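I opened the notebook today to go through one model step by step, writing down what I looked up and what came back.

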Amino acid sequence: MDPVTLQDYRTQEKSWWCPGCGDFGVLAALQKTLVGLGIEPHRVVIVAGIGCSGKIGNYINSYNIHVVHGRTLPSALGVKLANRELLVLAVGGDGDGFAIGMNHFIHAARRNIGVKYIVMDNHIYGLTKGQNSPTSELGQKVKAAPAGNLEAPVRPISLALTAGATFVAQGFSSNQAQLARLIEGAIRHPGFAFVNVLSPCVTYNRINTYDYYKETLHDLDQDPDYRPDRRGEALAKVMEREELVTGLVYRDPDSVPYEEAVPGFPKEPLAGRDMPLGGEQFAKLMEGYR
Ligand code: SF4
């Protein structure tokens, strides 16, 4: 087998994103990580949500499912359970994941099926031209709320921790090296892994800019006193100002994925299993669809 290269993961698709969009950084870090790990494109499934971020599947040469709004996680979990040999990456934005898809996020976190969930969090709805999203700050002035956002923001990191997620990290799209490390950690982690990426929308969000993050972010990976293997400590730390923390927040060293915890759950892909169906059984099965 030839070594996997970046070229293997590139597509001919012209980018739809605005120049300078943070999502470019997420795409680059993800492709770099897949190449670094030597994972072949046909082993990867991207399940992309609706939003600017959902375009990412068009730019990565792998299997790609572009699902309806908010349903990245249930679709990705289904793929993973049907074929545990695949690397299944659910990728979407904060609107897709923390508004209409919120319920799925909580249950995916506590269920611990081995899907890797990457959210490109720009604190705004970019595709629909600048409405406040679930992670927009209270009082943040955006097009749809010129007098300021009236709703308190969702805090995805602390939410994931309290829901029972076994791997929680936050990256910044401009810090490629760290983001690639976090994504690699997520891929290697046995179980559900959540990486929230602060990914500036240069067109509609004039608050959470690259400069703002560069001046204010606190990197937990560089903090010698921080231990990412204690859930309570992690929660206490991020509750201070989770929107400004990057790095590995929490990893459960004893994580066991759901699919391994289910007694007798076969390891081989559903498609590869020998499931002979006699004529009578088939007719009975078809009865159910009449
Ligand atoms: Fe990126 Fe914002 Fe442009 Fe969407 S609108 S592509 S999030 S910069």
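How many salt bridges does the structure hold? I began there, keeping in mind that this is a predicted model, and the count I noted is seven salt bridges.

**Entry: charged pairs**

Side chains of opposite charge can pair when their charged atoms come close. I looked up three of these pairs in turn. For R227 and D229 I noted a salt bridge between the side chains, at 2.9 Å from N to O. I then checked how open the two partners are: R227 is partly exposed at 36% relative accessibility, and D229 is likewise partly exposed, its relative accessible area being 32%.

The next pair I wrote down was R230 with E233, whose side chains meet in a salt bridge at 3.0 Å, N to O. Here R230 has 38% relative accessibility and counts as partly exposed, while E233, at 33%, is also partly exposed.

The third was E287 with R290, where the closest N and O atoms of the salt bridge are 2.7 Å apart. In this pair E287 is partly exposed with a relative accessible area of 47%, whereas R290 counts as exposed at 76% relative accessibility; the cut-off that separates the two classes is 50%.

**Entry: a charge over a ring**

I also looked for a charged side chain above an aromatic face, and recorded that K55 lies over the face of W16, at 4.5 Å from the ring centre.

**Entry: aromatic pairs**

For the rings I obtained a count of 11 aromatic pairs. The pair I followed was F172 with Y210, which is tilted, with 6.2 Å from centre to centre and 50° between the planes. F172 belongs to strand β7 (residues 167-172) and Y210 to helix α8 (residues 210-216), so this pair ties together parts that are 38 residues apart in sequence. As to burial, F172 counts as buried at 5% relative accessibility, but Y210 is partly exposed, with a relative accessible area of 21%; I checked this value against the cut-off, since buried means under 20%.

F172 came up again with another ring of the helix. The centres of the F172 and Y213 rings are 5.4 Å apart and their planes stand at 55°, so this pair too is tilted. With F172 in strand β7 and Y213 in helix α8, the pair ties together parts that are 41 residues apart in sequence. Both F172 and Y213 are buried.

Elsewhere I noted a cluster in which ring pairs link F98, F105, Y117, F192 and F194.

**Entry: the loop at P41**

Where does P41 lie? I placed P41 in the loop between α2 (23-36) and β1 (44-48). Although P41 is in a loop, P41 is buried, with a relative accessible area of 17%. I then asked what surrounds this residue: leaving aside neighbours within four places in sequence, P41 is in contact with D8, Y9, N61, S62 and Y63. For one of these partners, D8, I also took the separation, which is 33 residues in sequence and 7.1 Å in space, C-alpha to C-alpha.

**Entry: helix α6**

Is S158 buried or exposed? S158, which lies in helix α6 (residues 156-163), counts as buried at 9% relative accessibility. Setting aside neighbours within four places in sequence, I found S158 in contact with L235, V238, M239 and E242.

I widened the view to the whole helix and noted that α6 is mostly covered, six of its eight residues being buried. Those that are buried are P156, I157, S158, A160, L161 and A163. After the helix comes G164, which has a positive phi near 100°.

**Entry: around the ligand**

Which residues are around the ligand? I listed W17, C18, C21, C52, N122, G126, C201, V202, T203 and Y204. Sorting this shell by class, I counted seven nonpolar and three polar residues, and no charged residues.

Technical notes: Residues are numbered from 1 along each chain as its sequence is written. This is a predicted model: local features need pLDDT of at least 70, side-chain atom pairs count only at pLDDT 80 or more; totals for chains, interfaces and linings use all residues. Side-chain values use heavy atoms; hydrogens and water are left out. Rings of Phe, Tyr and Trp (its six-membered ring) pair if their centres lie within 6.5 Å; planes under 30 degrees apart count as stacked, over 60 as edge-to-face and the rest as tilted. Helices (H or I, at least four residues) and strands (E, at least two) are DSSP runs, numbered from the N terminus. Buried means under 20% relative accessible area, exposed over 50%, partly exposed in between (1.4 Å probe, protein chains only). A charge sits over a ring if NZ of Lys or CZ of Arg is within 6 Å of the ring centre and within 35 degrees of the ring normal. Contact means heavy atoms within 4.5 Å. A residue is near a molecule or strand if one of its heavy atoms lies within 4 Å of it. Ala, Val, Leu, Ile, Met, Phe, Trp, Tyr, Cys and Pro count as nonpolar, Asp, Glu, Lys and Arg as charged, and the others, Gly among them, as polar. A salt bridge is a side-chain nitrogen of Lys or Arg within 4 Å of a carboxyl oxygen of Asp or Glu.
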